[in-house]
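Please walk me through this protein model. Start with one helix, then move on to the ligand, the open and closed spaces, and a few single residues.

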Amino acid sequence: MSTRRIVDLLRTGQPNQTVTVQGWVRTKREQKEFCFVEVNDGSSMVGLQAILTPDLPNYADLVKRLNTGASVEISGTLVESPAKGQRIELRSTAVTIYGEADPETYPLQKKRHSFEFLRTIAHLRSRTNTLGAVFRVRNACAAAIHQFFQERGFLWVHTPIISANDCEGAGELFTVTTLDLKNVPRTDDQEIDYSQDFFGRRAFLTVSGQLEAEIMAMAFTNVYTFGPTFRAEDSNTSRHLAEFWMIEPEMAFCDLEGNMDLAEAFLKHIFKSVLEQCPEDMEFFNQRIDNSVLATAENIINSAFERITYTEAIALLEKADRAFEFPVSWGLDLQSEHERYLAEELFKKPLIVTDYPAAIKAFYMRMNDDGKTVRAMDILAPKIGEIVGGSQREERLDVLQRRIRELGLPEEDLWWYLDLRRFGTVPHAGFGLGFERVVQFMTGMTNIRDVIPFPRFPLSAEF
Ligand code: ATP
Ligand code: MN
């Protein structure tokens, strides 16, 4: 007799099979002659219903102690369930309680709790239906991402978390230091003297692994990163975290078309895979969180993404029959309200916007022949806005150097990046995908803080 995952028993368990399960009590229902206990081990939304009968040793005591949240091991025989909505249940022959949970103080009682409240008990919230479903979907999503790239021969490369290049300008940086904050060394002109710091220079938590991924792509052709990134953005939005996970594929011998094709196939693959792996969880999100998530997923899987240029997007926004909070005009960056209008209302599906003005994009993006726009692409998704940001990279040494000088970036710090254009340069392209944004999009969860187990955001680093 071996311990079995509840999800497997619910799917394939047969009557008369003897099994042992371990988990936490979700609910207890006492009847006159017996007691129902639903046990959940996190492997599925639905738990296994165990029936306890008075012939069990210490029956009365067990029933008193088996409250919501208690940890148990139950052995018994599977029987066909007469109840609606479940195929089998467990007739218990032995029950061990590992740890009780006092019903007076255990915070997760049956009633519905707000997500805000659940964030204050992030050490317990994974035991709720919603957060349980979120983290199973998150896991399936991560597995699908690796599968997608591994099947295509992409190498998973591990780029550093501590980084010294801040020239990307992707966001606000967290400094990593061992300097004595009570007695910070100063240079003659009263600047902080980072030469005395651990790395002998100022270092940060990475905001993106892209530049290092480009290095690796110049040796392995197709690579991807999947790791944590950090941005000290003091923005309390429902789409930004201070610590989030990013996926960044980088492909040599690839242009923007190839990049867009890959990004689209990639998003389709992860949606398809999660629908296959987590059907009950996705059904739950559709019923309880956002009744459009299944339709949206089908839409992503089955329809070709719209592709328009930034210039066309601006024209569409200028024609929109509504007032935006932020102005729309050629040269200004698209704000979230603009992105959402385009994806959610106008096209009603993801769309890829390309060829943004150089002035609002990063230095490494490939300059178009018009000298004004670059080969950038953002994928905008209904409800979320930007979900992917990518580009074809500037592979021409002279053009890249000119850009770096125009922007006043420290050319000497980028010597290695420029070397890639000196030695065997090739057209190449890649994109970055915010992992939590995808999970958010997939599940319909409105706040990004509820799709990562332990969210970090301004004034909050608990757990
Ligand atoms: P936004 O305009 O939404 O702040 P960004 O332009 O700063 O995004 P990029 O620098 O292109 O984003 O980062 C790549 C991807 O990482 C984004 O497309 C998004 O999915 C995700 N992302 C960016 N910042 C955050 C954040 N603070 N928290 C979670 N995900 C993020
Ligand atoms: Mn940002």
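Phe435, Glu436, Arg437, Val438, Val439, Gln440, Phe441, Met442 and Thr443 are the buried residues of helix H13. The helix spans residues 435-443, and 9 of its 9 residues are buried. An α-helix has 3.6 residues a turn, so residues three or four places apart point the same way. In H13, the buried list holds charged side chains too, including Glu436 and Arg437. Glycine 444 follows the helix, and its phi is positive, near 80°.

Now the whole. This is a predicted model. The protein has 463 residues, and buried residues make up 52% of them. Its secondary structure comprises 13 helices and 16 strands. Taken along the principal axes, the C-alpha atoms fill a box of roughly 85 × 55 × 45 Å.

Turn to ligand 1. Which residues come nearest to it? They are Arg231, Glu233, His240, Leu241 and Glu386, out of 14 residues around the ligand. By class, this shell divides into 6 nonpolar, 3 polar and 5 charged residues. Two strands each supply at least two shell residues: E11 (243-252) and E15 (385-392). The largest share comes from E15, with 4 residues.

Next, the oxygen atoms of ligand 1. The side chain of histidine 240 has an N or O atom 2.7 Å from an oxygen of the ligand. The backbone takes part as well. A polar backbone atom of isoleucine 387 lies 3.2 Å from a ligand oxygen. For glycine 434, a backbone N or O atom sits 3.1 Å from an oxygen of ligand 1. On its own, the ligand has 580 Å² of accessible area, and the protein covers 81% of that. Glycine 434 also brings the path back to H13, as the helix begins at residue 435.

Now consider an open space. The second largest pocket has a volume of about 830 Å³. It is lined by 33 residues, and those closest to its centre are Arg26, Arg127, Thr128, Asn129 and Thr130. Which elements give two or more residues to this lining? Two are strands, E1 (18-30) and E2 (35-40), and the others are helices H3 (115-120), H4 (129-151) and H7 (279-288). The lining has 10 nonpolar, 14 polar and 9 charged residues.

A closed space comes next. The structure holds 1 cavity of 30 Å³ or more. About 80 Å³ of space lies in the largest cavity. Its lining counts 12 residues, with Ser163, Asn165, Thr206, Val207 and Ser208 nearest the centre. Strand E9 (203-205) and helix H5 (210-220) each give two or more residues to the lining. H5 gives the most, with 3 residues. By class, the lining of the cavity has 5 nonpolar, 5 polar and 2 charged residues.

Some single residues complete the picture. Threonine 20 is found in strand E1, an element that also helps to line the second largest pocket. Is threonine 20 buried or exposed? Its relative accessibility is 5%, so it counts as buried, the cut-off being under 20%. The side chain of threonine 20 has a polar partner: it makes a contact of 2.9 Å with the side chain of serine 75.

Strand E14 holds two more cases. Alanine 376 lies in this strand, which covers residues 373-381. Why does alanine 376 count as buried? The reason is its relative accessible area of 0%. Along the chain, alanine 376 is 145 residues from arginine 231, and their C-alpha atoms are separated by 22 Å. Arginine 231 is one of the residues that come nearest to ligand 1.

Aspartate 378 is also found in E14. Its relative accessible area is 3%, so aspartate 378 is buried. Its side chain joins that of lysine 361 in a polar contact of 3.2 Å.

Conventions
Residues numbered from 1 in each chain as written. Chains lettered and ligands numbered in written order. Predicted model: local features only at pLDDT ≥ 70, side-chain atom pairs only at ≥ 80, totals over all residues. Heavy atoms only, no water. Near = heavy atom within 4 Å. Polar contact = N/O pair within 3.5 Å; in protein donor to acceptor, adjacent residues only side chain to side chain. Areas by Shrake-Rupley, 256 points an atom, 1.4 Å probe, with all protein chains shown as cover. Nonpolar A, V, L, I, M, F, W, Y, C, P; charged D, E, K, R; others polar. Buried < 20%, exposed > 50% of the residue type's maximum accessible area, 1.4 Å probe, protein only. 1 Å grid on protein atoms, 1.4 Å probe; cavity = no way out; pocket = protein on both sides within 12 Å on 5 of 7 lines; lining within 4 Å. Points joined across faces, edges and corners; volume = space filled by probe spheres on them.
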